[in-house]
Amino acid sequence: MKKVLRGVSIGFLATIAILAVIYCLLGFYYRGGFPCFTWINGVYCTGKSVSEVNEELIARYPYQGIAVLDREEARLFVSAGDTDYSVDYTDALNQVFYNRNPFAWGLYIFDNLSYNYKPQVSMDKNKLSDIISKWEIFDISSDAKCSVKIRAGEGFVLENAHMLIPVEERITDRVYRSMMEGDEVVDLSEYEECYVETTLTASEQDRANLFEKLDKLQDFDVTYDFSGESVRLSRAVASGFILTLGDYEKASEEEVKTGGGSGMFIVGGKETELPDADSVYTVADILTDLDGNPIVSEKRIYDFLLESAEEHDTEWMMKRFKNGLSNEVILTTGKKGNGKIYDVDAEFENVKNALISSGTGLKGIKTFPVLDGVLTVDASQKLGSTFIEVDMKNQMLYYYVDGKLSMDMPVVTGNINRGRGTPAGVYNVYNKRYHTYLHGVDYVSYVNYWLGVEKGVGIHDANWRKKFGDEIYKSDGSHGCINCPIESVSELWEVAEVGTPVIMYY
């Protein structure tokens with residue numbers, strides 16, 4: 001038993017001795033390289049020399065260069081090779097290499113020998129500066145001067161009033177520091193010091209001052225509601241009210257008239273006639289008075305409002321009704337032949353007074369005002385799907401059955417110039433007569449087909465006429481009835497019934 005124990009002891013000691021020798025040999029081995037389990041920037045360094053690890057790190061993390069972004073989205077790529085850019089990890093590696101005990105490698109098994117170091121970087125800043133100086137962002141165009149321009153959809157805009165120009169020296173320094181940090185992208189818009197604001201000249205300051213006044217005058221954003229359809233008086237539209245170079249001669253020919261704004265202008269918050277030519281100046285192609293106030297044409301304001309109203313008249317509403325888009329129909333009543341339903345004058349005064357009192361425009365959503373006395377009807381209830389439509393502005397009669405056009409014909413309505421206009425309104429056929437005489441103060445006329453509509457006014461044939469339609473009614477119109485070609489009205493007479501709704505409008 002003692003011999004066995006003695007043998008085991010000797011074997012154990014021999015094993016310890018052998019392991020100690022191996023441990024020491026590895027310690028001598030690690031004197032020339034990094035100890036085991038050493039990682040630097042993701043590279044396994046065990047047994048490798050400083051130079052070997054340095055070369056491997058340089059190869060693993062090559063630096064191609066940096067993309068430089070300007071605040072106006074211009075882009076410049078600076079290649080590392082063009083600036084003699086180089087990196088070296090030697091100092092950092094030496095710090096790890098010489099601050100360890102090669103014979104304590106066994107203890108490192110239980111330690112985390114993982115390091116991350118930035119290399120030493122060197123580059124030629126003069127070469128970088130030369131590359132930066134050739135970037136096109138430093139080529140400031142002569143067009144970059146402060147100016148007032150008209151831009152589609154926006155109206156008058158002020159360009160380059162507070163333009164930021166790049167500073168070459170500061171940008172070079174910023175790019176240099178970013179490259180030294182190993183950055184691959186640098187966005188100059190994040191560094192305010194890379195730009196400085198331009199200083200305006202006296203003439204540029206005049207343009208900037210003019211724009212402040214223009215901007216108030218075009219500060220409109222009002223949306224007019226025309227029975228469900230919108231018309232926007234925007235900045236772009238309002239800018240068209242302001243006189244520019246070449247407008248003076250035509251504006252000077254306007255006669256001063258009450259209503260419609262003709263011959264009147266808004267200058268410096270006042271309503272006035274057009275200043276004399278000697279008192280008008282041009283700044284950035286804008287006509288101004290001696291004090292630099294832009295000149296606003298009242299006629300242009302009125303024309304915009306009038307055109308918007310005329311595009312949404314009763315005829316337009318009837319088309320929407322027949323297309324199933326809206327049931328609302330507004331029409332003027334009476335015999336004067338005036339189909340106006342909107343109070344353009346009232347809205348013109350509203351816009352004009354806004355410019356005069358505050359110097360600025362209107363905002364929001366607004367229903368365009370209608371004239372007093374106009375008739376607003378629900379066409380689905382008043383007309384239904386079968387009705388007669390007399391469009392006196394276009395001198396046409398239409399007959400609809402179940403919502404579909406059944407027939408149409410040109411007509412001649414009452415002579416509005418002699419006070420015999422056909423009454424506008426919504427009526428019903430109240431009687432039908434065949435082969436009858438029409439009696440008036442100064443006439444007796446025989447007709448074959450008669451559809452009574454309103455107090456002696458009816459739809460009938462007129463064999464004494466050779467032409468229908470156009471503008472005959474203005475000079476040779478009827479006494480108030482709706483004259484029709486016999487071949488067409490005979491068909492209408494056969495199918496139209498007493499009680500059929502009739503809408504007549506100008």
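What is the volume of the largest pocket? About 380 Å³, in this predicted model.

**View 1. The largest pocket and its lining.** The volume of this pocket is about 380 Å³. Its lining counts 17 residues, and those closest to the pocket centre are Leu 306, Glu 310, Gly 339, Lys 340 and Ile 341. Two helices each supply at least two lining residues: helix 10 (298-310) and helix 12 (344-357). Helix 10 gives the most, with 4 residues. Rolling a probe the size of a water molecule over the atoms reveals where empty space remains.

**View 2. The largest nonpolar core, with Tyr 224.** This core has 49 residues. Those with the most contacts inside it are Tyr 224, Val 296, Ile 301, Leu 305, Met 318 and Val 329. Residues up to four places away in sequence are not counted in the contacts of Tyr 224. On that basis, Tyr 224 touches Glu 229, Ser 230, Val 231 and Leu 233. Tyr 224 also touches Leu 305, Glu 347, Val 351, Leu 362, Lys 366 and Phe 368. A second core, separate from this one, has 30 residues, among them Met 409, Val 429, Ala 462 and Ile 472.

**View 3. Helix 6 and what covers it.** Helix 6 runs over residues 168-180. Its 13 residues should span 18 Å at 1.5 Å a residue, and the end C-alpha atoms are 18 Å apart, so expectation and model agree. The buried residues of helix 6 are Ile 171, Thr 172, Arg 174, Val 175, Ser 178 and Met 179. They cover an arc of only 165° around the axis, which puts them on the same side of helix 6. An α-helix has 3.6 residues a turn, so residues three or four places apart point the same way. The cover over this buried side includes strand 3 (65-69), strand 4 (75-79) and strand 7 (120-122). It also includes helix 5 (125-133), strand 10 (164-166) and strand 11 (185-187). Just after helix 6, Gly 182 takes a positive phi of about 80°.

**View 4. Glu 168 in helix 6.** Glu 168 has its place in helix 6. Is Glu 168 buried or partly exposed? Glu 168 is partly exposed, because its relative accessible area is 30% and the partly exposed class lies between 20% and 50%. Leaving out residues up to four places away in sequence, Glu 168 touches Ser 129, Ile 132, Ser 133 and Phe 138. Gln 218 is 50 residues from Glu 168 in sequence. In space, the C-alpha atoms of Glu 168 and Gln 218 are 39 Å apart.

**View 5. Helix 2, a helix with a buried face.** Helix 2 covers residues 50-60, and Val 50, Val 53, Asn 54 and Leu 57 are buried in it. Seen down the axis, the buried residues of helix 2 fall within an arc of 105°, so they line one face. The face turned away from the buried side carries the exposed residues Glu 55 and Ala 59. The buried residues pack against strand 1 (38-40), strand 2 (43-44), strand 5 (86-88) and helix 3.

**View 6. Phe 97 in helix 3.** Helix 3 (residues 90-98) holds Phe 97. Phe 97 is buried, with a relative accessible area of 8%. Ser 49 is 48 residues from Phe 97 in sequence. The C-alpha atoms of Phe 97 and Ser 49 are 8.6 Å apart.

**View 7. Asp 402 and His 435, with positive phi.** Most residues other than glycine have a negative phi. Asp 402 has a positive phi, near 55°. Asp 402 sits in the loop between strand 24 (396-401) and strand 25 (404-410). At 60% relative accessible area, Asp 402 is exposed. His 435 also has a positive phi, about 55°, although it is not a glycine. The place of His 435 is in strand 27 (residues 431-439). His 435 is partly exposed, with a relative accessible area of 39%.

**View 8. Ser 445 in strand 28.** Strand 28 covers residues 444-454 and includes Ser 445. Is Ser 445 buried or exposed? Ser 445 counts as buried, because its relative accessibility is 17% and the cut-off for buried is under 20%. Leaving aside neighbours within four places in sequence, Ser 445 is in contact with Thr 436, Tyr 437, Leu 438 and Trp 464.

Notes:
Residues numbered from 1 in each chain as written. Predicted model: local features only at pLDDT ≥ 70, side-chain atom pairs only at ≥ 80, totals over all residues. Heavy atoms only, no water. Core = buried A, V, L, I, M, F, W, Y, C linked by side-chain atoms within 4.5 Å. Buried < 20%, exposed > 50% of the residue type's maximum accessible area, 1.4 Å probe, protein only. Contact = heavy atoms within 4.5 Å. Expected span 1.5 Å × (residues − 1). Arc of directions from axis to C-beta. 1 Å grid on protein atoms, 1.4 Å probe; cavity = no way out; pocket = protein on both sides within 12 Å on 5 of 7 lines; lining within 4 Å. Points joined across faces, edges and corners; volume = space filled by probe spheres on them.
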